[in-house]
Amino acid sequence: MVVTSAKKPLLFIISLFPLSILAVIWFSPSSPFSEPSLSVSSPIGFADVFDVDYFIQQMNGFVKVVKELPAEIASKEPVQVDCSKRKGQFDYVESVLPSLLKHHYISLTPAMSQRRDRYPLHAKAALCQACYKALRLTKALENKGSKLLQAIPKPFLSLHLRFEPDMVAYSQCEYSGLSSSSMEAIEASRGDRKPWTGESARVWRNRGKCPLTPKETAFILQSLSIPTDTNIYLAAGDGLMELEGLTSVYTNIFTKATFLSGEEFASMHGNTKAALDYYISINSDSFVATYFGNMDKMVAAMRAFKGLFKTLLLSRRAFAEFTSQGLQGNELREALWKVHRDDFVMGRGSALPDCFCEFKL
C-alpha cells in the first residue's frame, strides 16, 4: 500500500502485491513539471496542479488512495529508503519490497522508475493507469488552459525551450557569444556547480549535456524546413535568455503572457505556469522539445497515448558533434536533417513509453 497527501503530500495506499498487511509508502509529489535545476521557494503540491478527487476515482480498483494518513501510523515516522538513481542494477522488488514488508511504513526518495521489466503485471497496470488515465488538471487550470488554447492562432507548434540561467548553470556548460547580462545571470546561478573546461567540456557537450540556445534551436528548425512564419507557442519558464536568437528568425511567437492578463499571469506560480504549458503542448498540432526533461517526457507520452504523434525531440548530441567537427551552413543543415529525418517524417519523438502498449485501460 502507498500513501501520499494532497496538501501535505498525496496519500497513496497502493497494494501492488497480494499482501494481507497494511503497508504505507510516503512520497511527496511536489510537481512532475519541476526539473532538478530549479529551486522553488514556495513549493506547489500535487493538489494545486491536479484534480485529486478525479485521481482517487480513476485509481479505484488499481490502488486505494486516501487523503490523510491512517490514524494507527499518523504519529510515526516512516523508515527512509534510498531509491535514487545509481550505477549498476537497481530493482524495486529486491531493494524496496523487503523494507516495505518489514516496516510497513516507508519513505522513498524521488527516483526514476527502473527495471520495469520486473514489475508484476498488476503493478504495471497500476502504473499505466496513474500516468495516463488518472491525471487531470484542476478545473481552474483546465479552464484557463482551454481559454489559452482557443486564443492561439491555428495551426501551431508548441516549442519547449529551456535556456534559463539556472538550467544552464545546472548543465555545467559554457557558451561563447552570449550577452553580458546572460553571462552574469548564469554566473549568479552557478553556486558550487562549476563549468567543465578543456577536453572534459568537449566530451560533456558531445554527450548532449548542454541545452540548445534559442539561436541554435532556430537553426535546427530551419534545417527541418519548418517555415519561419509558423505559429509557435513558446512553452518556457520565466527568465529565458537570448530569446532574440529565435524571434529574429521565427516572428510569430506566442507565450502565456501574450494572452493572459497581467493580473492572471502574476498570480500564478512556476509549476502552475508549467501546467498550462503542459496542457497546451499535449493539445498542440505539433510539439518540439529542446531538452528531454520531466515535462517533455510527460508531454511525449501523453501525446502518444492520445494518438498525437507529431512530436519531435531535438538532438543536442548531434548538434554538438557536428559543430565540433567544424560543420556549418548548408553542410550542417543537411547533417541535422538526416539525423532528425526519420523521427520528423514519422512524426514521433525518440522516447515514447511502452507500458500503454501492453494494456488496454
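In this talk I will go through some helices, strands and side-chain pairs of one structure, and I should say at the start that the model is predicted.

Let me begin with helix α9, which covers residues 180-190. Which residues of α9 are buried? They are S182, I186 and R190, and when we look down the axis of the helix these buried residues fall within an arc of 75 degrees, so they line one face of α9. The other side of α9 has S180, E184 and A188, which are exposed. If you want to know what the buried residues of α9 pack against, it is α8, residues 165-171. Just beyond the helix comes G191, and its phi is positive, near 60 degrees.

Staying with α9 for a moment, I would like to point out a salt bridge between the side chains of E187 and R190, with a nitrogen-to-oxygen distance of 3.2 Å. These two residues are three residues apart in the helix, and therefore about one helical turn separates them. The two partners sit in unlike surroundings, which we can see by taking each one against the cut-offs. R190 has a relative accessible area of 5%, and because buried means under 20%, R190 counts as buried. E187, at 45% relative accessibility, is partly exposed, since that class lies between the buried limit of 20% and the exposed limit of 50%.

How many salt bridges does a search of the whole structure find? The search finds ten, and I will describe two others here. One of them joins the side chains of D277 and K256, at 3.0 Å from N to O. Here D277 belongs to helix α15, residues 270-282, while K256 belongs to helix α13, residues 256-259, so this pair ties together parts that are 21 residues apart in sequence. Both D277 and K256 are buried.

The other one is between K338 and E334, whose side chains meet at 3.5 Å, again from N to O. Both residues are in helix α18, residues 329-346, and because they are four residues apart there, about one helical turn lies between them. As for their surroundings, K338 is partly exposed at 48% relative accessibility, and E334 is also partly exposed, with a relative accessible area of 46%.

While we are in α18, please look at V339, which lies in this helix too and is partly exposed, with a relative accessible area of 36%. If we leave aside its neighbours within four places in sequence, which residues is V339 in contact with? The answer is S315, A318 and F322. The C-alpha atoms of V339 and F319 are separated by 9.4 Å, and these two residues are 20 residues apart along the chain. That brings us to helix α17, residues 316-324, where the buried residues are R316, A318, F319, A320 and F322, so two of the contacts of V339, namely A318 and F322, are found among the buried residues of this helix. Just after α17, G326 takes a positive phi of about 90 degrees.

Now I turn to the cysteines, where the count comes to one disulfide. It joins C173 to C210, with the sulfur atoms 2.0 Å apart. The torsion about the S-S bond is about -90 degrees, and so this disulfide is left-handed. The pair links distant parts of the chain, since C173 is in the loop between α8 and α9 and C210 is in the loop between α10 (198-206) and α11 (214-223), 37 residues apart. Are C173 and C210 buried or exposed? Both are buried. Another cysteine, C131, is partly exposed, with a relative accessible area of 33%.

Finally, let us consider strand β6, residues 157-160, where L157 and L159 point one way and S158 and H160 point the other way, and where all of these residues are buried. With strand β7, residues 232-235, β6 pairs in the parallel sense over four bridges, and within that pairing the bridge partner of L159 is L234. With strand β9, residues 286-289, β6 is also joined by four bridges, and these strands run parallel as well; here the bridge partner of H160 is A289. When you follow β6 in the structure, it may help to find L159 with its partner L234 in β7, and then H160 with its partner A289 in β9.

Definitions and conventions:
Residues are numbered from 1 along each chain as its sequence is written. This is a predicted model: local features need pLDDT of at least 70, side-chain atom pairs count only at pLDDT 80 or more; totals for chains, interfaces and linings use all residues. Side-chain values use heavy atoms; hydrogens and water are left out. A salt bridge is a side-chain nitrogen of Lys or Arg within 4 Å of a carboxyl oxygen of Asp or Glu. Buried means under 20% relative accessible area, exposed over 50%, partly exposed in between (1.4 Å probe, protein chains only). Contact means heavy atoms within 4.5 Å. The arc is that of the directions from the helix axis to the C-beta atoms. A disulfide is a pair of cysteine sulfur atoms within 2.5 Å. Two strands pair if DSSP finds at least two bridges between them.
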